[in-house]
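Here are a few exercises to work through with the model open in your viewer. Try each task before you read the solution.

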Amino acid sequence: MKREVFVVAGAIVKDGKVFAAQRGNKGKTAFKFEFPGGKIEPGETPEQALARELREELSINVEVHELITAIVDEYEDVILHIDTYRCTLISGTPTLSEHIAMAWSNKEELDKLEFSSADKPTLEKIKNLYL
């Protein structure tokens, strides 16, 4: 039986651009760009988990807004539930600790970044709604 993992991701939108970070050399999506976030811990709401993860991973404080997409991505050994929320940067400047690169991208620039296939519906929605 596959284990199920519930994660949250944040699309930080600012001045017509969205923030994305590039993963390092680990996991099934090594070197792909993603909207940063992480696992929901027991007792946390998705919004609390996302705010905590972005504080830990990027040293920033965000306000978490509406849910953009709820994606299920299935691999050989795991079913990944990815809920992506729109976020606003409240304070701090993103500082990489777990990622190897970052980008603030408009619609055209976003198309040049390599995301995992599971992120495609989220990318389209972000481009149509926020950029």
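**Exercise 1: a salt bridge and its neighbours in sequence**

Which residue forms a salt bridge with Lys2, and how far apart are the closest N and O atoms?

Solution. Keep in mind that this is a predicted model.
- Step 1: look around the side chain of Lys2, and you'll find Glu74 as its partner, with the closest N and O atoms 2.7 Å apart.
- Step 2: place both ends along the chain. Lys2 sits in the segment before E1, while Glu74 belongs to strand E5 (residues 61-74), so the pair links distant parts of the chain, 72 residues apart.
- Step 3: check the surface. Lys2 has a relative accessible area of 29%, which makes it partly exposed.

**Exercise 2: one lysine, two acids**

Find the salt bridges that Lys127 makes with Asp111 and with Glu124, then sort out which residues are buried or exposed.

Solution.
- Step 1: take Asp111, whose side chain meets that of Lys127 at 2.4 Å, N to O. Asp111 lies in helix H2 (residues 107-112) and Lys127 in helix H3 (residues 120-129), so this pair ties together distant parts of the chain, 16 residues apart.
- Step 2: turn to Glu124, which meets Lys127 at 3.1 Å, N to O. Both are in helix H3, three residues apart, so about one helical turn separates them.
- Step 3: compare with the cut-offs, where buried is under 20% and exposed is over 50%. Lys127 comes out buried at 10%, Asp111 exposed at 53%, and Glu124 partly exposed at 41%.

Now zoom out: how many salt bridges does a search of the whole structure find? The count is 10. Some of them share partners, and in this way Glu44, Arg52, Glu53 and Glu56 are joined into one network.

**Exercise 3: strand E2 and its partners**

Work out which strands pair with E2, and say why E2 is largely enclosed.

Solution.
- Step 1: begin with strand E1 (residues 3-14), which runs antiparallel to E2 and is joined to it by two bridges. Here Val13 has Val18 of E2 as its bridge partner.
- Step 2: inspect the turn. The E1 and E2 hairpin has two residues between the strands, and Asp15 takes a positive phi near 50 degrees there.
- Step 3: go on to strand E7 (residues 101-105), which pairs with E2 over five bridges, again antiparallel. Across from Val18 you'll see Ser105 of E7.
- Step 4: add strand E3 (residues 33-34), antiparallel to E2 over two bridges, with Phe33 opposite Gln22.
- Step 5: count burial. Five of the six residues of E2 (residues 17-22) are buried, so the strand is largely enclosed by the rest of the structure.

**Exercise 4: the largest pocket**

Describe the volume of the largest pocket and what lines it.

Solution.
- Step 1: get the volume, about 870 Å³. The lining has 31 residues, and those closest to the centre are Val7, Arg23, Thr29, Glu34 and Leu80.
- Step 2: ask which elements contribute. E1, E3, strand E4 (37-39), helix H1 (46-58) and strand E6 (78-91) each supply at least two lining residues, and E1 gives the largest share with five.
- Step 3: sort the lining by chemistry, and you get 13 charged, 10 nonpolar and eight polar residues.

Definitions and conventions:
Residues are numbered from 1 along each chain as its sequence is written. This is a predicted model: local features need pLDDT of at least 70, side-chain atom pairs count only at pLDDT 80 or more; totals for chains, interfaces and linings use all residues. Side-chain values use heavy atoms; hydrogens and water are left out. Buried means under 20% relative accessible area, exposed over 50%, partly exposed in between (1.4 Å probe, protein chains only). Helices (H or I, at least four residues) and strands (E, at least two) are DSSP runs, numbered from the N terminus. Two strands pair if DSSP finds at least two bridges between them. On a 1 Å grid over the protein atoms alone, a cavity is a set of points where a 1.4 Å probe fits but cannot get out, and a pocket is an open set with protein on both sides within 12 Å along at least five of seven lines; lining residues have an atom within 4 Å of a point. Grid points are joined across faces, edges and corners, and a volume is the space filled by probe spheres set on the points. Ala, Val, Leu, Ile, Met, Phe, Trp, Tyr, Cys and Pro count as nonpolar, Asp, Glu, Lys and Arg as charged, and the others, Gly among them, as polar. A salt bridge is a side-chain nitrogen of Lys or Arg within 4 Å of a carboxyl oxygen of Asp or Glu.
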